[in-house]
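This report goes through a protein model, from single backbone positions to the overall fold. The sequence and coordinates come first.

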Amino acid sequence: MADAADSSDNPPENMDVPGQGLTREEAFRRILDGHWRYLQNERQSIQTTQEDRQRHAQGQYPFAAILGCADSRVSPEVIFDQGQGDLFVVRVAGNVAGDYEQASLEYAVQNLGVKLIIVMGHEHCGAVKAALGQQEVPGAIGKLLQEIFPAVAKARTQNGDLLDNAVRCNVCHTVDTLLANSACFREAISDGNLRLIGLVYDLKSGDLDFQRTEG
Ligand SMILES: [Zn+2]
């Protein structure tokens, strides 16, 4: 993959392209502002015009990448009040970081110039709950649950609600896995070009519980 500096996938100069060119701090602020609008029931990113589609047809210029759970209640575009083209979203049950998820996020950083990655777990995650069951599960679901087992093992050493702790541990484990397996992310963070955040979304309140911030 070409790095961002070599990429010809830059927005045309005459186009207003939200998000591109933001620092990691500015990208994070944009996420927080959108989440605040969501909490206040003042979402702006609801309509898509024909002009928007024309713009999207010329390329994608997201300002943040999200690794979230496939759960139907945790759509990042809704929770962070962002529109089509704003977020590069990777969703998989239990927000685990296998090879394909890591590769997708590396593409966002290297080729799209994204400077913010958010790993978003959530309260009462069914995948994490299944991993707590401990029984052997065959097939593809069993493989996915194995990715969550290290977080479950750590959570069992902690006081408090086991599922809540496992959800938090799973987010931190995913952040650790991405850092351990991707030189791309480590270098971008140390160069000041990437922030990697791990958080848990509360289904009832809509609040964000920040677990990790790297960069
Ligand atoms: Zn989930």
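## Backbone, core and helix packing

H124 counts as partly exposed, having 14 C-beta neighbours inside 10 Å, a number between the limits of 12 for exposed and 20 for buried. The model is a predicted one. H124 sits in the loop between β3 (116–122) and α5 (126–132). Although H124 is not a glycine, its phi is positive, at about 55 degrees.

A positive phi also occurs at D81, again a residue other than glycine, with a value near 45 degrees. The loop that holds D81 runs between α3 (76–79) and β2 (87–91). D81 is buried, because 23 other C-beta atoms lie within 10 Å and the class begins at 20.

The two positions are set out below.

| Residue | Phi | Loop | C-beta atoms within 10 Å |
|---|---|---|---|
| D81 | near 45 degrees | α3 (76–79) to β2 (87–91) | 23 |
| H124 | about 55 degrees | β3 (116–122) to α5 (126–132) | 14 |

For the protein chain as a whole, the secondary structure amounts to 8 helices and 5 strands. Their order along the sequence is α-α-β-α-β-α-β-α-α-α-α-β-β. Buried residues account for 35% of the 215 residues. Of the contacts with a separation of 6 or more, 70% join residues 24 or more positions apart.

The C-alpha trace spans about 55 × 40 × 30 Å along its principal axes. The radius of gyration is 18 Å, which agrees with the value near 17 Å for a compact globule of 215 residues.

The largest nonpolar core has 49 residues, and those touching the most other members are A64, A65, I66, V114, I117, I118 and I148. Helix α7 (residues 162–181) gives the most to this core, contributing 6 residues. Beyond its neighbours within four places in sequence, A64 is in contact with A27, I31, L87, V114, L116 and I118. V114 and I118 therefore appear both among the contacts of A64 and in the list of core residues that touch the most other members.

How do the axes of α6 and α7 cross? The axes of helix α6 (residues 139–155) and α7 come within 8 Å, at a crossing angle of roughly 130 degrees. This angle falls between 115 and 145 degrees, so α6 is oblique to α7. The crossing is right-handed. On the α6 side the meeting residues are I148, P150, A151, V152, K154 and A155, and on the α7 side they are L162, N165, A166, C169, N170 and H173. I148 of α6 is also one of the core residues listed above.

How values were computed
Residues are numbered from 1 along each chain as its sequence is written. This is a predicted model: local features need pLDDT of at least 70, side-chain atom pairs count only at pLDDT 80 or more; totals for chains, interfaces and linings use all residues. Helices (H or I, at least four residues) and strands (E, at least two) are DSSP runs, numbered from the N terminus. The radius of gyration is taken over C-alpha atoms; the globule rule is 2.2 Å times the number of residues to the power 0.38. Two residues are in contact if their C-beta atoms, placed from the backbone, lie within 7 Å. A nonpolar core is a set of buried Ala, Val, Leu, Ile, Met, Phe, Trp, Tyr and Cys residues joined through C-beta atoms within 7 Å. Axes are lines fitted to C-alpha atoms, for helices over the stretch in contact, and angles run from 0 to 180 degrees between N-to-C directions. Angles under 35 degrees count as roughly parallel, over 145 as roughly antiparallel, 65 to 115 as roughly perpendicular and the rest as oblique. A crossing is left-handed if the near helix is turned anticlockwise from the far one by less than a right angle, and right-handed if clockwise.
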